[in-house]
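Trainee: I should like to go through the reasoning behind the descriptions used for this model.
Mentor: Then let us take the terms one at a time and set each against its criterion.

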There are 4 protein chains.
Amino acid sequence: MKKEDFACIHPMRVRWAEVDMQGVVFNAHYLMYFDTAIAEYWRAISVGREKEIADLYMRLYVVKATVEYHGSAHYDEMIEVGCRVARFGRSSMTFQFAIWRGAEHLISGEIVYVHAAPEEKKSAPIPDMLRDAVLGYERTVPDAAAAGVPR
Amino acid sequence: MKKEDFACIHPMRVRWAEVDMQGVVFNAHYLMYFDTAIAEYWRAISVGREKEIADLYMRLYVVKATVEYHGSAHYDEMIEVGCRVARFGRSSMTFQFAIWRGAEHLISGEIVYVHAAPEEKKSAPIPDMLRDAVLGYERTVPDAAAAGVPR
Amino acid sequence: MKKEDFACIHPMRVRWAEVDMQGVVFNAHYLMYFDTAIAEYWRAISVGREKEIADLYMRLYVVKATVEYHGSAHYDEMIEVGCRVARFGRSSMTFQFAIWRGAEHLISGEIVYVHAAPEEKKSAPIPDMLRDAVLGYERTVPDAAAAGVPR
Amino acid sequence: MKKEDFACIHPMRVRWAEVDMQGVVFNAHYLMYFDTAIAEYWRAISVGREKEIADLYMRLYVVKATVEYHGSAHYDEMIEVGCRVARFGRSSMTFQFAIWRGAEHLISGEIVYVHAAPEEKKSAPIPDMLRDAVLGYERTVPDAAAAGVPR
């Protein structure tokens with residue numbers, strides 16, 4: 001994961017409340033950091049279509065999350081959380097994450113979201129509007145799930 | 001604060017995620033413990049009127065919270081969180097809290113809630129139904145705010 | 001994942017603070033639930049060797065965590081979090097998790113821990129004492145990573 | 001509480017994970033926001049004495065915290081958290097907090113810290129170095145507890 005592949009990189013400072021007895025950020029909080037970075041991602045791609053995007057992401061549900069821990073962040077350190085859309089499926093989109101402290105790559109991750117229609121509770125195709133907004137923003141083209149792949 | 005004054009005492013075990021670098025529960029989490037104990041309080045007084053109470057507490061808003069720290073809880077310790085209604089005002093109710101580890105009294109606290117009417121966003125009288133439910137459950141009679149006292 | 005394969009199943013009630021604006025448990029908190037269940041696991045296998053196990057798990061570091069979301073837990077619901085050791089490597093152990101609400105399987109997950117020697121910061125073999133404690137407790141025999149597989 | 005009385009004002013954005021089912025920041029998190037602002041305060045007064053201040057604040061323990069809720073912050077809103085030392089006692093110092101969204105004053109609060117000697121677990125006088133650092137930074141002079149007042 002190269003920093004320059006990420007259009008969206010969000011700096012944060014580690015809070016006291018996020019650090020555990022081992023002196024490192026508690027493992028679940030990195031997933032919360034990912035989620036915090038995603039808010040910046042939505043903002044970045046929403047320009048001029050704020051309402052549509054806001055409506056839409058309330059209908060996205062996480063179906064899978066993965067975190068890989070290469071290193072640890074500590075209290076009061078500045079970190080950067082990068083996020084990008086790495087893959088589109090019919091009704092899913094996969095975000096990829098990386099967390100750095102300076103040049104050091106601490107954390108990798110992935111979150112798969114599924115788009116669900118509001119009334120029914122079943123998956124619905126990712127709207128073209130969202131796909132276009134992502135493609136217009138990203139530096140690298142997300143993979144598209146091969147035809148025939150479920151979701 | 002005597003344990004025997006509390007009809008509602010909720011045991012919890014301190015979680016790893018709640019303990020900070022000093023090896024003690026992070027100070028804000030005690031407020032979350034209070035909130036967790038309140039869920040047990042609502043359950044206790046709701047028997048036979050579940051729907052009314054549930055509708056009601058969604059319209060209660062915290063206006064003031066106080067925590068006093070006499071001691072610290074540590075990872076994996078069993079604690080008990082007691083909560084009782086200590087005072088009624090016209091549109092407010094004040095919960096009192098205590099946290100013990102065994103016989104040791106670690107934390108005291110208070111949360112003042114105000115009842116707000118759903119449509120308008122201003123305070124509304126505490127419904128008699130709620131007052132009755134509390135009085136039927138508590139071991140000691142809550143104070144009533146003196147006449148003329150706002151809220 | 002069958003409930004009966006889990007020797008360690010920990011009941012919890014969803015807290016208000018854990019539920020988000022969509023009315024479901026915030027995705028990162030399931031990882032915290034896993035961690036909370038693990039505390040019960042350590043307790044269960046520690047009987048008679050409390051000190052050794054406590055020293056040891058302070059030297060275990062998470063290297064990978066995965067959460068799969070099949071359903072959502074809501075405020076005040078009782079859930080059960082099961083955890084078991086699914087696999088041993090030379091210096092790693094993999095926990096498997098499942099969360100149920102009644103018979104409904106909501107969440108699956110996995111956390112890989114690596115054992116690190118205290119002085120040096122590099123991986124060290126899982127002590128036999130820990131392996132024995134796990135084997136003596138589990139209902140199913142964890143896989144052992146095949147020879148030659150790193151970690 | 002006037003914004004211009006605060007030398008230390010820290011902007012933050014409300015995170016998804018911090019908002020509850022009522023669509024507002026969960027009440028305990030404001031206490032965490034205070035704590036986050038304090039980290040900025042320590043940084044601000046530490047210039048040139050980083051090590052001494054860092055050693056020192058690890059020996060400060062919260063003895064009382066108060067939060068008053070005048071309004072609510074919502075998801076993704078930018079807020080400002082101001083903190084200042086309002087009062088010194090012999091071994092205590094009291095921080096005052098305010099949270100604004102733009103010109104609107106949402107939250108007030110106070111945290112009382114006590115300085116404890118490392119070996120013994122009893123209160124110790126606030127070191128002159130800390131008092132000087134605070135006085136050199138603040139815009140308004142903190143009150144000193146009257147003689148004879150405990151702590």
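**Strand pairing, interfaces and symmetry**

Mentor: In this predicted model, strand 2 of chain B and strand 5 (residues 104–115) of chain B run antiparallel and are joined by 9 bridges.

Trainee: What makes strand 2 and strand 5 of chain B a pair?

Mentor: The criterion is at least two bridges between the strands, and 9 bridges join strand 2 of chain B to strand 5 of chain B, so the pairing criterion is met. One position to inspect is V62(B), whose bridge partner in strand 5 of chain B is Y113(B).

Trainee: How do you know that strand 4 of chain B pairs with strand 5 of chain B?

Mentor: The same criterion of at least two bridges applies. Strand 4 (residues 92–101) of chain B is joined to strand 5 of chain B by 10 bridges, and the two run antiparallel. Within this pairing, V112(B) in strand 5 of chain B stands opposite T94(B). Strands 4 and 5 of chain B form a hairpin with 2 residues between them. In the turn, G102(B) has a positive phi of about 60°.

Trainee: Which strand of chain D pairs with strand 2 of chain B?

Mentor: Strand 2 (residues 60–69) of chain D does, in the antiparallel sense over 5 bridges. Because at least two bridges are required, the 5 bridges between these strands qualify them as a pair. In this pairing E68(B) stands opposite K64(D).

Trainee: How many residues does each chain bring to the contact of chain B with chain D?

Mentor: Chain B brings 15 residues and chain D brings 16 residues; a contact here requires C-beta atoms within 7 Å. On the side of chain B that touches chain D, helix 1 (29–46) and strand 2 (60–69) of chain B each supply at least two residues. Strand 2 of chain B gives the largest share, 8 residues. By class, that side of chain B consists of 9 nonpolar, 3 polar and 3 charged residues.

Trainee: Why is the relation between chain B and chain D called a two-fold axis?

Mentor: Chain B is superposed on chain D by a rotation of 180° with 0.0 Å of shift along its axis, at an RMSD of 0.0 Å. That is the relation of a two-fold axis. Among the residues of chain B, T66(B) comes closest to the rotation axis, with its C-alpha at 2.2 Å.

Trainee: How do you know that chains B and D meet through the same surface?

Mentor: Of the interface residues of chain B, 100% are also interface residues in chain D, so the copies meet through the same surface.

Trainee: What can be said of chain A and chain C in these terms?

Mentor: A turn of 180° and a shift of 0.0 Å along the axis lay chain A on chain C with an RMSD of 0.0 Å. The residue of chain A closest to the rotation axis is T66(A), at 2.2 Å (C-alpha). T66(A) also stands opposite T66(C) in strand 2 of chain C. Strand 2 of chain A and strand 2 (residues 60–69) of chain C pair antiparallel over 5 bridges. In the contact, 16 residues of chain A meet 15 residues of chain C. Helix 1 (29–46) and strand 2 (60–69) of chain A each give two or more residues to the side of chain A that touches chain C, and strand 2 of chain A gives the most, with 8 residues. That side of chain A has 9 nonpolar, 4 polar and 3 charged residues. Since 94% of the interface residues of chain A are also interface residues in chain C, these copies meet through the same surface.

Trainee: How is the packing of helix 1 and helix 2 of chain C described?

Mentor: The axes of helix 1 (residues 29–46) and helix 2 (residues 50–57) of chain C come within 9 Å and cross at roughly 145°. The crossing is right-handed. W42(C), I45(C) and S46(C) in helix 1 meet E50(C), I53(C) and Y57(C) in helix 2. By class, this contact has 4 nonpolar, 1 polar and 1 charged residues.

Trainee: Is K3(D) buried or exposed?

Mentor: A residue is exposed if 12 or fewer other C-beta atoms lie within 10 Å. K3(D) has 12, so K3(D) is exposed. K3(D) lies in the segment before strand 1 (8–13) of chain D. Leaving aside residues up to four places away in sequence, K3(D) touches I9(D), G82(D) and W100(D).

How values were computed: Residues are numbered from 1 along each chain as its sequence is written. Chains are lettered from A and ligands numbered from 1 in the order in which they are written. This is a predicted model: local features need pLDDT of at least 70, side-chain atom pairs count only at pLDDT 80 or more; totals for chains, interfaces and linings use all residues. Two residues are in contact if their C-beta atoms, placed from the backbone, lie within 7 Å. Helices (H or I, at least four residues) and strands (E, at least two) are DSSP runs, numbered from the N terminus. Ala, Val, Leu, Ile, Met, Phe, Trp, Tyr, Cys and Pro count as nonpolar, Asp, Glu, Lys and Arg as charged, and the others, Gly among them, as polar. Copies are superposed by least squares on the C-alpha atoms of residues with pLDDT of at least 70 in both. A residue is buried if 20 or more other C-beta atoms lie within 10 Å of its own, exposed if 12 or fewer, and partly exposed in between; C-beta atoms are placed from the backbone. Axes are lines fitted to C-alpha atoms, for helices over the stretch in contact, and angles run from 0 to 180 degrees between N-to-C directions. A crossing is left-handed if the near helix is turned anticlockwise from the far one by less than a right angle, and right-handed if clockwise.
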